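New to this one? Here is a quick, friendly walk through some charged contacts and a couple of odd backbone spots.

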Amino acid sequence: MAELSTIARPYAEALFQAAQNESANLESWSGLLNELAGLAKLEDVREALTDPRLNDAQRVELFTGLVKLPVSATARNFIELLVGNDRMLVLPEIAEQFDLLKNRFEGTALAEITSAFALSDAQVQDLVAALEKKFGLKLKPAVTVDADLIGGVRVVVGDQVLDTSVRAQLVRMRDTLAA
């Protein structure tokens, strides 16, 4: 995956810079990129984009025809650049890198919260408020449920992990007893 991020980073940075220079809404660009990434992940689309019978112009037309959101001239140029450089399959990583740049620019981060049980909106808000104080960032929560945690929560913000789940505590106890 390190190779994909190395390939994707310059594209994401260039697109981020272009979006800022156009005074474009970064959120709309993020939405468009995430839609493009979702399309690029589809097996049928991947096969069509790598079909040697299609030329670059046909690949661009095929791909832009699948996009539901409006495709600006800048977005079309970006797609043409990716097709011309055989980088369409890197779109999911480009979208992820773009979102990281957008979040850093806005002073926000994604908080991946995994809980053993479903959390109410109030519980999520309380947890996010506490995490925002800890990290000093505005957090956007993405909550999932994983019964394997047994109890507690696991939170990932960037490269930092806070794991207060019962499963993690049991693993730590096992490791301590085994040592």
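What follows looks at salt bridges, then at backbone angles, in a predicted model.

## Salt bridges

Let's begin with the charged side chains. How many salt bridges does the structure hold? The count comes to 10. Three pairs are set out here, with the distance given between N and O atoms.

| Pair | N to O distance |
|---|---|
| Arg53 and Asp51 | 2.8 Å |
| Glu80 and Arg76 | 3.5 Å |
| Asp175 and Arg174 | 3.2 Å |

Take the pair of Arg53 and Asp51, whose closest N and O atoms sit 2.8 Å apart. Are these partners buried or exposed? Arg53 is exposed, with 71% relative accessible area, whereas Asp51 is buried at 17%. Asp51 gets that label because buried means under 20% relative accessible area. So this salt bridge joins an exposed arginine to a buried aspartate, going by the cut-offs of under 20% for buried and over 50% for exposed.

Next come Glu80 and Arg76. Where do they lie? You'll find both in helix H5, which covers residues 73–84. They are four residues apart, or about one turn of that helix, and their side chains meet in a salt bridge. Glu80 is partly exposed with a relative accessibility of 37%, and Arg76 is partly exposed too, at 25%.

Then there's Asp175 with Arg174, another salt bridge, this one at 3.2 Å from N to O. Asp175 counts as partly exposed at 42%, while Arg174 is exposed at 52%.

Salt bridges can also link up into a network. Which residues are linked that way here? They are Glu27, Lys102, Glu106 and Lys140.

## Positive phi angles

Now for the backbone. Most residues other than glycine have a negative phi, so a positive value in such a residue is worth a look.

Asp86 is one of these, with phi near 55°. Where is Asp86 found? It belongs to the loop between H5 and helix H6, the latter spanning 91–106. That's the H5 that holds Glu80 and Arg76. Asp86 is exposed, with a relative accessibility of 64%.

Ile150 also has a positive phi, near 75°. This isoleucine sits in a loop as well, the one between strand E2 (138–145) and strand E3 (153–157). Its relative accessibility is 46%, and Ile150 therefore counts as partly exposed, since exposed would take over 50%.

Note on methods. Residues numbered from 1 in each chain as written. Predicted model: local features only at pLDDT ≥ 70, side-chain atom pairs only at ≥ 80, totals over all residues. Heavy atoms only, no water. Salt bridge = Lys/Arg side-chain N within 4 Å of Asp/Glu carboxyl O. Buried < 20%, exposed > 50% of the residue type's maximum accessible area, 1.4 Å probe, protein only. Helix = DSSP H or I, 4+ residues; strand = E, 2+ residues; numbered from the N terminus.
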